[in-house]
Amino acid sequence: MIEYNLSNDIKVKFDNGEIVKTRWERFSTGSVAVPSCYARNHIGDKKIQNRGNEEAEIIEVKDANHITVKFKDGTIVKDRKYEDFIHGAIGKPGIPQLRRTLKNERLWTEKIMRNGMKAKIVRYGSANDIDIKFSNGTIVMHKTYANFCSGSVACK
């Protein structure tokens, strides 16, 4: 272990120089693996990448944070994370990055509140700052997403 901040924020350095951020409980039980060893076993793996909806193949691995992939048209992208490959987040140069945001997922979500009224999220600032419109047209502002999910937002 080379750095200890909190029990869920430590850094471990392996003999090959790789550094991994992990949790104390994983370190103390010997559950932290050398990332490059795991990733190297995946040379030749293919997966559809969501950015461009195209298949990519791992052709080289330095470590888990530096893999090289090749797309079907021959385009090669270097120095990406293995985790990005698994989640389909690697794209060819020039393709805009996909961002999964809670705002996009939660905005316009509808739910029936405990009072029986239908409510819809019409503004999503953060999980602690949403505006909700009820079926009668009333808008309540600055509520929490957790209260919306539990149905406990009242129509004033």
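A residue counts as buried when its relative accessible area is under 20%, as exposed when it is over 50%, and as partly exposed in between. With that in hand, strand β3 of this predicted model makes a friendly starting point. Along β3 the side chains take turns: Val-20 and Thr-22 point to one face and are buried, whereas Ile-19 and Lys-21 point to the other face and are not.

Strand β3 covers residues 19-22 and runs antiparallel to β2, with four bridges joining the two. Two of the residues on the face that is not buried can be followed across to β2: Lys-21 stands opposite Lys-11, and Ile-19 is the bridge partner of Lys-13. The two strands form a hairpin with five residues between them, and Gly-17 in this turn has a positive phi of about 95°.

On its other pairing, β2 meets strand β1 (residues 3-6) in the antiparallel sense over three bridges. Here the hairpin connection consists of two residues. Tyr-4 of β1 has Ile-10 of β2 as its bridge partner. Tyr-4 is partly exposed, because its relative accessibility is 47%. Together with Met-1 and Trp-24, Tyr-4 makes a nonpolar surface patch of about 330 Å².

Asp-9 ties this region together nicely. Asp-9 lies in strand β2, which spans residues 9-13. Its relative accessibility is 18%, so Asp-9 counts as buried. Apart from neighbours within four places in sequence, Asp-9 is in contact with Glu-3, Tyr-4, Lys-21 and Thr-22. Of these, Tyr-4 belongs to β1, while Lys-21 and Thr-22 lie along β3.

Further along the chain, four strands form an open sheet in the order β4-β5-β6-β7, with antiparallel pairing. Strands β4 (46-49) and β7 (76-80) stand at the edges; each has a single partner strand, so one side of each is left without a neighbour in the sheet. From one strand to the next, the twist averages 35°. The edge strand β4 pairs with β5 (residues 54-63) over four bridges, in the antiparallel sense. Within this pairing, Lys-46 is matched with its bridge partner Glu-57 in β5.

A second open sheet of four strands follows the order β8-β9-β10-β11, again with antiparallel pairing. Its edges are β8 (110-112) and β11 (139-143), and because each has a single partner strand, one side of each lacks a neighbour in the sheet. The twist in this sheet averages 30° from one strand to the next. Strand β8 runs antiparallel to β9 (residues 118-126), and three bridges join them.

One place in the β8 and β9 pairing deserves a second look. Glu-110 has Lys-120 in β9 as its bridge partner, and the two residues also form a salt bridge, with the closest N and O atoms 3.8 Å apart. This pair links strand β9, home of Lys-120, to strand β8, home of Glu-110, across 10 residues of the chain. Both ends are partly exposed: Lys-120 has a relative accessible area of 29%, and Glu-110 has a relative accessibility of 42%.

The structure holds 10 salt bridges. Another of them joins Lys-92 to Asp-73, the closest N and O atoms being 2.8 Å apart. Lys-92 sits in the loop between α3 (82-86) and α4 (102-106), and Asp-73 in the loop between β6 (66-71) and β7, 19 residues apart. The two ends differ in cover: Lys-92 is buried at 14% relative accessibility, whereas Asp-73 is partly exposed, with a relative accessible area of 48%. A further salt bridge connects Asp-129 with Arg-123, whose closest N and O atoms are 2.7 Å apart. Asp-129 is partly exposed at a relative accessible area of 22%, and Arg-123 is partly exposed at 28% relative accessibility. Salt bridges that share partners also join Glu-54, Asp-73 and Lys-92 into one network.

Finally, Thr-138 is found in the loop between β10 (129-134) and β11. With 23% relative accessibility, Thr-138 counts as partly exposed. Leaving out residues up to four places away in sequence, Thr-138 touches Ile-132, Lys-133, Cys-155 and Lys-156. The C-alpha atoms of Thr-138 and Gln-49 are separated by 43 Å, and the two residues are 89 residues apart along the chain.

Note on methods. Residues are numbered from 1 along each chain as its sequence is written. This is a predicted model: local features need pLDDT of at least 70, side-chain atom pairs count only at pLDDT 80 or more; totals for chains, interfaces and linings use all residues. Side-chain values use heavy atoms; hydrogens and water are left out. Buried means under 20% relative accessible area, exposed over 50%, partly exposed in between (1.4 Å probe, protein chains only). Contact means heavy atoms within 4.5 Å. Two strands pair if DSSP finds at least two bridges between them. Axes are lines fitted to C-alpha atoms, for helices over the stretch in contact, and angles run from 0 to 180 degrees between N-to-C directions. Patches are made of residues with over 30% relative accessible area and no salt bridge: like charges are joined within 9 Å, nonpolar side chains (Val, Leu, Ile, Met, Phe, Trp, Tyr) within 5 Å. Accessible areas come from the Shrake-Rupley method with a 1.4 Å probe; for residues, only the protein chains shown count as cover. A salt bridge is a side-chain nitrogen of Lys or Arg within 4 Å of a carboxyl oxygen of Asp or Glu.
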